Amino acid sequence: MEITFQIPQTGDLTREEYELLVNLIVKVYEETEADLFKTQIPRTSLEELQELVAEKQFIVARIGQGIVGGCYLRRRNDEEAEFGMLATLPELQGQGIGRRIIEFAGSESRKNGFKYLLADVLYPADGSSHPYKDFLLSWYGKLGFNYHRELTFEAKYEKVKGMMARPCKMIILRKTL
Ligand SMILES: CC(C)(COP(=O)(O)OP(=O)(O)OC[C@H]1O[C@@H](n2cnc3c(N)ncnc32)[C@H](O)[C@@H]1OP(=O)(O)O)[C@@H](O)C(=O)NCCC(=O)NCCS
């Protein structure tokens, strides 16, 4: 199964491909975070994805011609790059595509002079656990990410104020490149 990676520019993706990516990201986040939000907020939009592509901040993974996943990759500061909105097609999950996307994000970041790659994991802050987020934390651990710091989710994203089903925090993991 050969996976190829692309950091598309505006015009490189068809309308159908933009829509596939937006629908994929919105769907997988809705499924895994439904219990954290009182009001579902779509994780992304066509406009946001188009902006990320215009800034060359979105990685697309393909098998053959078909898109199988992606994530954004952007600068957080001079030393740290961050990825997010990581998603792979549900029917192809568990086959190493997610790991390969993160590896690609790491090698691109290293090539661009960053020392660290960051991953954010939304997690309940009321003492409760969350099986899917626990799986993600342990998976990222296996991929070389360590706990770095955390902040309240509402502090990071103003627009979610009042929309959470329970208080949440953002756990920030960091991997040395
Ligand atoms: C997280 C996500 C990107 C992982 O993508 P993926 O292509 O399944 O990633 P991989 O196959 O490289 O690894 C997934 C791990 O979970 C296991 N896994 C995940 N889904 C699985 C499934 N349906 N069946 C079997 N194993 C599965 C894999 O065995 C693997 O564990 P391992 O590395 O110990 O073998 C994908 O599940 C997803 O889109 N999740 C929803 C969005 C999300 O939570 N994004 C991250 C937010 S911080």
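Where is the place of Gly-113? Look in the loop between helix 3 and strand 5. Keep in mind as you follow along that this is a predicted model. Is Gly-113 buried or exposed? Count the other C-beta atoms within 10 Å of its own and you get 11, and since 12 or fewer makes a residue exposed, Gly-113 is exposed. For a sense of scale, hop over to Gly-69: it sits 44 residues away from Gly-113 in sequence and 25 Å away in space, going from C-alpha to C-alpha.

Now let's go inside. The largest nonpolar core has 35 residues. Ile-59, Cys-71, Phe-83, Ile-101 and Ala-105 are the ones with the most contacts inside this core. Plenty of elements chip in two or more residues: helices 1, 2 and 3 do, and so do strands 2, 3, 4, 5 and 7. Take Phe-83 as an example. Leaving out residues up to four places away in sequence, Phe-83 touches Cys-71, Tyr-72, Leu-73, Ile-102, Ala-105, Leu-117 and Ala-119.

Helix 2, residues 46–54, is a nice one to look at end-on. Its residues Leu-49, Leu-52 and Val-53 are buried. Looking down the axis of helix 2, you'd find the buried residues within an arc of 100°, so they line one face of the helix. Why does that pattern make sense? An α-helix has 3.6 residues a turn, so residues three or four places apart point the same way. The cover over the buried residues of helix 2 includes helix 1, strand 2 and strand 3. Just after helix 2 ends, Lys-56 takes a positive phi of about 55°.

Next, the strands. Find strand 7, residues 168–176, and look at its partners. Strand 5 runs antiparallel to strand 7, and 9 bridges join the two; in one of these pairings, Leu-117 has Lys-175 of strand 7 as its bridge partner. Strand 6, residues 146–152, is also antiparallel to strand 7, with 6 bridges between them. Here Tyr-147 is partnered with Leu-173 of strand 7.

Finally, the ligand. How many residues are around the ligand? There are 17, and Thr-88, Gln-93, Gly-94, Gly-98 and Arg-99 come nearest. Sorted by class, this shell has 8 nonpolar, 7 polar and 2 charged residues. Helix 1 (15–33), strand 4 (80–88), helix 3 (97–111) and helix 4 (131–142) each supply at least two residues of the shell. Some of these names should ring a bell: helix 1, strand 4 and helix 3 also give two or more residues to the core.

How values were computed
Residues are numbered from 1 along each chain as its sequence is written. This is a predicted model: local features need pLDDT of at least 70, side-chain atom pairs count only at pLDDT 80 or more; totals for chains, interfaces and linings use all residues. A residue is near a molecule or strand if its C-beta atom, placed from the backbone, lies within 6 Å of it. Helices (H or I, at least four residues) and strands (E, at least two) are DSSP runs, numbered from the N terminus. Ala, Val, Leu, Ile, Met, Phe, Trp, Tyr, Cys and Pro count as nonpolar, Asp, Glu, Lys and Arg as charged, and the others, Gly among them, as polar. A residue is buried if 20 or more other C-beta atoms lie within 10 Å of its own, exposed if 12 or fewer, and partly exposed in between; C-beta atoms are placed from the backbone. The arc is that of the directions from the helix axis to the C-beta atoms. Two residues are in contact if their C-beta atoms, placed from the backbone, lie within 7 Å. A nonpolar core is a set of buried Ala, Val, Leu, Ile, Met, Phe, Trp, Tyr and Cys residues joined through C-beta atoms within 7 Å. Two strands pair if DSSP finds at least two bridges between them.
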